[in-house]
Amino acid sequence: MTTSSKINPEVLCAASDTVRIAFKKLDKSAEKILFLIDGEKRFQRTVTDGDLRRLLLSGVSLDEPLSTLPDVNSITIQSDYTKREVYQLMKAHSIDRIPVLDISGILIDFIRREDIEEPILLVTPHMGDTERQFVDDAFRTNWIAPIGPNVDAFERELADTVSIDNAAAVSSGTAAIHIALHILDVGPGDIVFCSTLTFIASANPIVYLGAEPVFIDSDEASWNMSVVALECAFRAADSKGKLPKAVIVVNLYGQSADLDPILSLCRRYNVPLVEDAAESLGASYKGVNSGTIGDIGIYSFNGNKIITTSGGGMLVSNNKKYVERARHLSTRAKENTPYYHHTEIGYNYRMSNVLAGIGRGQLKVLGERVKRKREIFDFYRNAFSCYTSIEWMPEPSWSTSTRWLSVALIKDVAKRDVSHIILELSKNLIEARHVWKPLHCQPIFEGCLYFTDGNQSISEKIFENGICLPSSSNMTEKMQEAVCDNIRDLIC
Ligand SMILES: *Cc1c(COP(=O)(O)O)cnc(C)c1O
């Protein structure tokens, strides 16, 4: 960022100016600050009302010169500053004017706090109007516990929203996956198939239980688990005589995987399917709600998800036994006896009644959030409709994605390296991110089996070229325009 504006002489002063003159200048100027410069326009320090008052208190008179001011090191910035640097300096030092100097220390401009916009973040929480009421109810009735009426109601209301019979509220999406795998009897020495293009939380619980993940590549059509790759993995496992205990299919960035053929493969091999719908609450597959198609589905209400409880998760299933097991396991597997009686090891994973209150409020705005996310995506796609260098995450005919994040591939990456674009955007206070780094490429999973459809890895290509753009449902059109303008500058 460079600057060309000339400095208004009203905000300048010299060491020979008297304290009285400085007061008068401050009084006239709207900036509430003066910049003291020497005869060569070299910057010396800032002068505020407070500096002058302290000077008077120390015994200096109104007619003495500013050269009586003590030496200070005022915060300054060089003319090649980025918005990000200015923003961070202003925040760190609680100041709202920063002088801009050239390399020889000459004052060439100053920046006002008002002129630096807030950062545009990837995705932020977006509360509705009723969350507080439910939280207040929890306080009023002193239900500040991992059980209570909000928890029960949140489970019922979520189950109704996605048209499923049973739901158990837990402390995170990760906890829900952990419990789902526990219920499906995953244990040491077992293997579990898992989509590779996902957040590590999808696979961590496999390892918590002592089992080993086997990763499955994506397809081009949905970016989700490839049916062909899954079939290759099943064949290989079958021929070794060791089938997986479960398959975890992830619905990426708000979009369902092609679940019919995936489910029928699972049925053929008699292996249960866990649907990681952490990112896809509100989406549908052939008209059926995302998360309700597998044997067990899980949702996340982490702060970045489409609706949030600040942290939380839900396990859903049409199999009542699974969900009852989930409630039992998430409350330390305490038996229903008058005393503490345990026949197995459980977890402390139940959702708090306070947070469930936030969830009840958020559930009321889920439909609006999905609508807004899809509008945000459409805005980006339209803004770049004439650009062949940007290709958007596809949405197959059977999918209605929530577009939780707006994700694109930058083609011709040799010229337009994604890391470079992300870095340049961040200098202008815009947060974009890489798509998930495939789990089979993670050092921690080195040596784990990985299946593609027999050709080149598709998830790796998506990772290499993919970028997630700011997608908060509460972002303004002006913010979206700023994102588009910045990207245009970088890819053209
Ligand atoms: C967020 C997320 C999770 C984990 O949910 P938490 O509530 O953060 O534990 C799991 N899987 C995917 C795909 C996610 O995006």
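This is a short talk on one protein chain and the ligand it holds.

Hi everyone, thanks for coming. Before anything else, please keep in mind that what you see on the screen is a predicted model.

Let me start with the overall picture. The protein chain has 492 residues, and 52% of them are buried. Its secondary structure comes to 15 helices and 21 strands. If you lay the C-alpha trace along its principal axes, it spans about 90 × 60 × 40 Å.

Now to the ligand, since I suspect that is what you want to see. Which residues come nearest to it? The shell has 15 residues, and G173, T174, E279, S300 and K305 come nearest. By type, that shell splits into 8 polar, 4 nonpolar and 3 charged residues.

Let's go through some side chains with polar atoms facing the ligand's oxygens. For T174, a side-chain N or O atom sits 2.5 Å from an oxygen atom of the ligand. For S300, a polar side-chain atom is 2.7 Å from a ligand oxygen. And for N302, the distance from a side-chain N or O atom to an oxygen atom of the ligand is 3.4 Å. How much of the ligand's surface does the protein bury? Taken alone, the ligand exposes 380 Å², and 94% of that is buried by the protein.

Hold on to S300 for a moment, please, as we turn to the sheet. Strand β14 covers residues 296–300, and S300 is one of the residues that come nearest to the ligand. β14 belongs to an open sheet of 8 strands with mixed pairing, and reading across, the order is β7-β15-β14-β11-β10-β8-β9-β20. Why do β7 and β20 have one side without a neighbour in the sheet? They stand at the edges, each with a single partner strand, so one side of each is left open in that sense.

Let me walk along part of that order with you, beginning at the β7 edge. Strand β7, residues 166–170, pairs with β15 in the antiparallel sense, over 5 bridges. If you want a landmark there, look for A167, which stands opposite V316 in β15. On to the next pair: β15 and β14 are also joined in the antiparallel sense, this time over 4 bridges. Here I298 has L315 of β15 as its bridge partner. Then the direction changes: β11, residues 273–276, runs parallel to β14, and 3 bridges join them. Within that pairing, D276 has I298 as its bridge partner. I298 is therefore a handy residue to click on, because it is a bridge partner of L315 in β15 and of D276 in β11.

Let's stay with β15 a little longer. Are its residues buried or exposed? Strand β15 runs over residues 313–317, and 5 of its 5 residues are buried. As a reminder, side chains in a regular strand alternate between the two faces of the sheet. In β15, G313, L315 and S317 lie on one side, M314 and V316 lie on the other, and both faces are covered.

Next, a word on cysteines, for anyone thinking about thiols. How many disulfides does the structure have? A search of the whole structure finds 0. C448, for instance, is in none, and its nearest cysteine sulfur, that of C194, is 10 Å away. C448 counts as buried because its relative accessibility is 18%, and the cut-off is under 20%. C468 is in no disulfide either, with the sulfur of C484 as the nearest one at 15 Å. At 2% relative accessibility, C468 also counts as buried.

Finally, three more serines. S330 is in helix α10, residues 320–330, and with a relative accessibility of 1% it counts as buried. A polar atom of the S330 side chain lies 3.0 Å from the backbone oxygen of R327. S459 is in helix α14, residues 458–465, and is buried, at 0% relative accessible area. Its side chain makes a polar contact with the side chain of D217, at 2.8 Å. S79, by contrast, sits in a loop, between β4 and α3. Its relative accessibility is 25%, so S79 counts as partly exposed. From S79 to N465 there are 386 residues in sequence, and 33 Å in space from C-alpha to C-alpha.

That's my tour, and I'm happy to take questions.

Technical notes. Residues are numbered from 1 along each chain as its sequence is written. This is a predicted model: local features need pLDDT of at least 70, side-chain atom pairs count only at pLDDT 80 or more; totals for chains, interfaces and linings use all residues. Side-chain values use heavy atoms; hydrogens and water are left out. A residue is near a molecule or strand if one of its heavy atoms lies within 4 Å of it. A polar contact is a pair of N or O atoms within 3.5 Å; within protein, one must be able to donate a hydrogen and the other to accept it, and residues adjacent in sequence count only if both atoms are side-chain atoms. Accessible areas come from the Shrake-Rupley method with a 1.4 Å probe; for residues, only the protein chains shown count as cover. Ala, Val, Leu, Ile, Met, Phe, Trp, Tyr, Cys and Pro count as nonpolar, Asp, Glu, Lys and Arg as charged, and the others, Gly among them, as polar. Buried means under 20% relative accessible area, exposed over 50%, partly exposed in between (1.4 Å probe, protein chains only). Helices (H or I, at least four residues) and strands (E, at least two) are DSSP runs, numbered from the N terminus. Two strands pair if DSSP finds at least two bridges between them. A disulfide is a pair of cysteine sulfur atoms within 2.5 Å.
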